[in-house]
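Good morning, colleagues. Please take a moment to look at the sequence and the model on the screen, and I shall then go through them with you.

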Amino acid sequence: MDKALMARATSSDDAPTPGYMYGEISKMSLVSYEACKEIQDYLLARLKKSNHNVKYKALIIIKHVCRAGRPDFKRDMTRQTEASGPSYPSAAHGTQLSVIFRCVPAAAHPRLSAVSGPSRPAPW
């Protein structure tokens, strides 16, 4: 697993994750079960962080890897019982973070549906 890529993809800055990283992470999960497990463990650890951007980006990556990555990733994610806990915006960042604060729970639902839904999206 390329930890530098994973760290950049789940960084705490406000910039969106570049689209090519989703494909690279999905490809990394296809290498072996061990690589897939490392990615899963890393993303679950990132979900436990208090920063909203980190959680949001980790949820989006989980969705993409569930849809395009190794099937074992999706299977193992369904077995996980821990969900992303609440986190609260820091007063130091002002009201701008309140937008991200509202986006994390809204983003969690479709990403968790990707974990429990069909392996590949329907062709239509």
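Cys-66 is buried, because its relative accessibility is 3%. I should say at once that this is a predicted model. The other cysteine to consider here is Cys-36, which is likewise buried, with a relative accessible area of 0%. Why is Cys-36 not bonded to Cys-66? The sulfur of Cys-36 lies 9.1 Å from that of Cys-66, its closest cysteine sulfur, and that is too far for a bond. A disulfide would require the two sulfur atoms to be within 2.5 Å. Cys-66 is accordingly in no disulfide, and the structure as a whole holds zero disulfides.

Let me turn to the overall fold. The secondary structure consists of six helices and zero strands, and along the sequence the pattern reads α-α-α-α-α-α. The protein has 124 residues, of which 40% are buried. If one takes the contacts between residues at least 6 apart in sequence, 74% of them join residues at least 24 apart.

One pair of helices deserves a closer look. Helix H3, residues 33–47, packs against helix H4, residues 52–68, at an angle of about 150°, and their axes are 8 Å apart. The crossing of H3 and H4 is left-handed. Which residues make the contact? From H3 they are Leu-43, Arg-46 and Leu-47, and from H4 they are Val-54, Lys-55, Ala-58, Leu-59, Ile-61 and Ile-62. By character, the residues of this contact comprise seven nonpolar, two charged and no polar.

Next, the interior. The largest nonpolar core has 22 residues, and those touching the most other members are Met-6, Ile-25, Ile-39, Leu-43, Ile-61, Ile-62 and Phe-73. Two or more residues of this core come from each of helix H1 (3–9), helix H2 (19–31), H3, H4 and helix H5 (71–79). Which element gives the largest share? It is H4, with seven residues. Leu-43, Ile-61 and Ile-62, named among the core residues, also belong to the contact between H3 and H4.

I shall finish with a residue at the surface. Lys-3 is part of helix H1, and it counts as exposed because its relative accessibility is 56%. The chain brings Lys-3 and Tyr-42, which are 39 residues apart in sequence, to a C-alpha separation of 8.8 Å.

Thank you for your attention; I am glad to take questions.

Note on methods: Residues numbered from 1 in each chain as written. Predicted model: local features only at pLDDT ≥ 70, side-chain atom pairs only at ≥ 80, totals over all residues. Heavy atoms only, no water. Buried < 20%, exposed > 50% of the residue type's maximum accessible area, 1.4 Å probe, protein only. Axes fitted to C-alpha atoms, helices over the stretch in contact; angles between N-to-C directions. Helix = DSSP H or I, 4+ residues; strand = E, 2+ residues; numbered from the N terminus. Left-handed = near helix turned anticlockwise from the far one by under 90°. Contact = heavy atoms within 4.5 Å. Nonpolar A, V, L, I, M, F, W, Y, C, P; charged D, E, K, R; others polar. Core = buried A, V, L, I, M, F, W, Y, C linked by side-chain atoms within 4.5 Å.
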